[in-house]
Amino acid sequence: MVPMLDLEDIFGHGGPLASSQPDFKVRWQQLRMAQRVATALEHRETLIVEAGTGTGKTFAYLVPALLSGARVLISTGTRTLQDQLFSKDLPLVAAALGRPARVALLKGRTNYLCRYRIAQAGAPGGEQLALDSTVADDSASPRGMLARIERWARTTRSGDLAEVRGLSDSNPVWPQVTSTRDNCLGVKCPELSSCHVALARREALDADIVIVNHHLLLADLALKEDGFGDILGTADAVILDEAHQIPDLATQFFGANVSSRRIENLVKAAQAELTPHLARVSADSEAAAAAAEISEATRGVEQSAQRLSSLLPARLGRFPLTEMGSHLSASVNDLAQSLQTLQDRLGALGDESPLAQLSERAADLVLALERIASVDDMEGVRAVEISPRGFALSLMPFDISARFLALLQARRCGWIFTSATLSLGEDFSHFTARLGLVESPTLKIESPFDYERQSLLYLPTGMPQPASPGYTGAVIDTAVPLIDAARGGAFILFTSHRALAQGAALLRARWANESPYRLFVQGEAPRERLLTEFREDGNGVLLGTTSFWEGVDVKGEALRLVIIEKLPFSSPEDPLVRARIDHLQATGGNAFRDYQLPEAALALKQGVGRLIRSEDDFGTVVICDPRMTGRGYGQFFLAALPAMAPTRDRDEALRFIRKHAPHDVVPARLATQL
């Protein structure tokens with residue numbers, strides 16, 4: 001155990017953290033969290049900590065983790081936070097404490113260069129030839145990026161593609177040079193001895209602290225291990241940062257998913273392997289006959305997939321399987337049977353055949369399809385999602401609490417869940433019930449920020465109801481004078497892509513002659529680029545939806561106004577939401593009280609949390625939705641938010657906004673008005 005006095009010294013004035021960081025601020029909230037985490041690590045208990053924005057929760061768990069001597073896994077919600085912990089926060093804290101540790105960064109396999117696949121991509125006739133044929137030395141083109149990756153591949157030790165400048169995971173080259181669980185050759189790969197994924201796993205097994213992400217941790221926890229070793233096996237403790245994401249992510253991992261793309265890739269791989277296989281066995285009539293049966297089975301899978309696809313809606317979106325009748329269920333079963341036939345044919349070749357691994361991939365698809373086809377509709381929601389790339393069938397269980405808790409209890413280690421948004425008021429039950437953690441101790445630590453002084457909550461009067469046709473226009477009408485008063489520096493957060501597009505069009509029409517602020521719109525550039533340029537501009541206006549409601553940190557004057565279009569209730573038109581509502585009603589629950597309301601309140605808490613990110617920040621949150629004051633549940637939302645001073649007076653809001661606007665910036669359109 002870390003003695004309490006030691007932690008007080010470490011986090012106090014003149015302590016090693018304050019001495020090593022000029023901008024370090026002593027906060028009793030941070031010390032309180034560190035003390036409780038230290039106790040949980042010592043006793044290997046499960047602990048749930050909500051630490052308000054500004055607590056400094058990263059250091060509050062890193063210090064006791066380093067001092068504990070335990071082997072600790074730290075799981076984050078994003079690769080960005082993973083990289084920050086590994087490259088900045090952990091080295092800084094370890095140096096300040098004089099406690100060096102062996103630290104490993106472990107990402108999912110699709111983040112690492114696959115030496116076998118890059119060799120195939122660059123070879124004559126390889127997959128890369130399907131990419132656009134721009135000049136090879138154009139680094140922005142796929143071929144140019146491939147050339148850059150090939151040069152980098154000769155010197156990289158980690159193989160982490162984050163090292164490649166200018167490469168994003170949306171680049172068409174990315175899947176060409178990485179492997180997936182489906183196409184990895186595993187122990188049969190000729191590059192196994194230099195495999196970056198295998199090396200990263202080995203280093204993780206030898207490390208004192210391993211930094212992973214939630215997807216990788218849950219894949220391991222859900223027993224979907226891909227053959228490179230159990231990362232949880234020897235851990236003494238697991239710390240889950242951004243833990244509010246875990247219930248939804250765990251539900252996905254404990255469900256099932258089969259996409260048309262996975263099926264197409266399996267068929268393509270089987271057909272590609274058949275040609276050299278036939279050449280090897282041409283003199284063996286029995287083996288040649290077996291290969292012919294495999295070829296026939298692949299055609300059967302293709303035909304079954306095509307029949308299923310023909311029964312699906314022609315429009316894009318997500319739809320419940322229960323509304324599609326028995327013909328679709330029969331088609332799903334037919335596809336499962338076709339894949340079973342292919343699995344049997346591939347498996348008959350024996351373990352030594354290169355086609356054997358494809359048999360395992362077929363078996364995974366068969367099991368997933370059988371789960372989707374057979375599950376009781378009271379156990380989970382079954383849906384199909386239609387996209388430009390094909391279809392995906394999915395199963396999402398309603399209740400994972402017993403399974404999740406059993407998996408945690410099966411591993412004798414401490415579990416610490418932390419985030420800024422885990423409770424509603426003082427109540428953690430919405431989070432704990434979904435994960436089976438209702439008996440676990442909780443701790444709520446309020447933010448050290450002075451929200452009453454630093455911020456204002458403006459609830460405009462006279463807004464139409466959100467369902468009315470002119471609602472988005474009314475939001476923009478409300479927003480523009482506030483943005484002008486703030487001289488930019490604003491987020492407008494929408495609850496749907498449709499409203500986002502409409503809001504962007506309305507603003508551009510209004511500012512058609514001379515836009516006073518640079519406009520940043522989600523979807524028009526990568527998320528991180530939008531944020532970087534917004535920060536650098538200092539007076540921009542950013543329009544975003546779901547992904548900008550959380551995980552976005554803009555400190556200082558660049559963000560001084562957050563306008564929220566409406567309360568973030570999930571759309572009941574989504575089949576997953578509709579099915580959960582129906583399930584709760586069928587089992588005697590109150591879907592609005594137990595599901596829709598707390599989910600929306602937590603999402604609103606995340607959105608509001610974008611504004612005040614330091615003791616020096618000032619700003620205004622505007623919630624345009626009239627239900628905040630016109631419905632009884634508005635008080636529930638208010639209680640979930642920080643202690644901001646509320647107002648319905650437009651003039652008061654404008655005075656506060658102008659007071660904290662930068663006075664040395666006057667947009668050209670406003671200069672004539674001042």
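**Exercise 1. Charges over rings**

Over which ring does the charged end of Arg 527 sit, and how far is it from the ring centre?

*Solution.* Start with the criterion: a charge sits over a ring if NZ of Lys or CZ of Arg is within 6 Å of the ring centre and within 35 degrees of the ring normal. The charged end of Arg 527 sits over the ring of Phe 548, 5.5 Å from its centre. A further case is Arg 580, which lies over the face of Tyr 595 at 5.6 Å from the ring centre.

The model is predicted, so local features need pLDDT of at least 70 and side-chain atom pairs count only at pLDDT 80 or more, while totals for chains, interfaces and linings use all residues. Residues are numbered from 1 along each chain as its sequence is written, and side-chain values use heavy atoms, with hydrogens and water left out.

**Exercise 2. An aromatic pair**

Classify the ring pair Phe 404 and Phe 417, and state where each residue lies.

*Solution.* Step one is the rule: rings of Phe, Tyr and Trp (its six-membered ring) pair if their centres lie within 6.5 Å, with planes under 30 degrees apart counted as stacked, over 60 as edge-to-face and the rest as tilted. A search of the whole structure finds eleven aromatic pairs. For Phe 404 and Phe 417 the centres are 6.4 Å apart and the planes stand at 55 degrees, so the pair is tilted.

Step two is location. Helices (H or I, at least four residues) and strands (E, at least two) are DSSP runs, numbered from the N terminus. Phe 404 belongs to helix H15 (residues 401–409) and Phe 417 to strand E10 (residues 414–419), and the pair links distant parts of the chain, 13 residues apart.

Step three is exposure: buried means under 20% relative accessible area, exposed over 50%, and partly exposed in between (1.4 Å probe, protein chains only). Phe 404 is buried at 1%, and Phe 417 is buried at 0%.

Elsewhere, ring pairs join Phe 569, Phe 592, Tyr 633 and Phe 637 into a cluster.

**Exercise 3. The surroundings of strand E10**

Which strands pair with E10, in what sense, and over how many bridges?

*Solution.* Two strands pair if DSSP finds at least two bridges between them. E1 and E10 pair in the parallel sense over five bridges, and Thr 46 stands opposite Trp 415 of E10. E5 and E10 also pair in the parallel sense, over four bridges; here Ala 237 stands opposite Gly 414.

Next, sort the side chains. In a regular strand the side chains alternate between the two faces of the sheet. In E10, Gly 414, Ile 416 and Thr 418 point one way, and Trp 415, Phe 417 and Ser 419 the other way. Six of the six residues of E10 are buried, so the strand is largely enclosed by the rest of the structure.

**Exercise 4. Salt bridges across the chain**

For Arg 44 and Asp 236, give the distance between the closest N and O atoms and the exposure of each residue.

*Solution.* A salt bridge is a side-chain nitrogen of Lys or Arg within 4 Å of a carboxyl oxygen of Asp or Glu; the whole structure has 26 salt bridges. Arg 44 and Asp 236 form one, with the closest N and O atoms 2.6 Å apart. Arg 44 lies in the loop between helix H3 (28–43) and strand E1 (46–51), and Asp 236 in the loop between H9 and strand E5 (237–240), 192 residues apart. Arg 44 is partly exposed at 41%, whereas Asp 236 is buried at 19%.

Repeat the steps for Asp 334 and Arg 307, whose closest N and O atoms are 2.8 Å apart. Asp 334 lies in helix H13 (residues 325–347) and Arg 307 in helix H12 (residues 285–310), so the pair ties together parts 27 residues apart in sequence. Asp 334 is partly exposed at 26%, and Arg 307 is partly exposed at 41%.

Glu 50, Lys 444, Glu 446 and Lys 605 are linked in a network of salt bridges.

**Exercise 5. Helix H4**

What span should the twelve residues of helix H4 have at 1.5 Å a residue?

*Solution.* The expected span of a helix is 1.5 Å times one less than its number of residues. For H4 (residues 57–68) this gives 16 Å, and the end C-alpha atoms are 17 Å apart, which agrees. Eleven of the twelve residues of H4 are buried, including Phe 59 and Tyr 61. Gly 69 follows H4 and has a positive phi, near 75 degrees.
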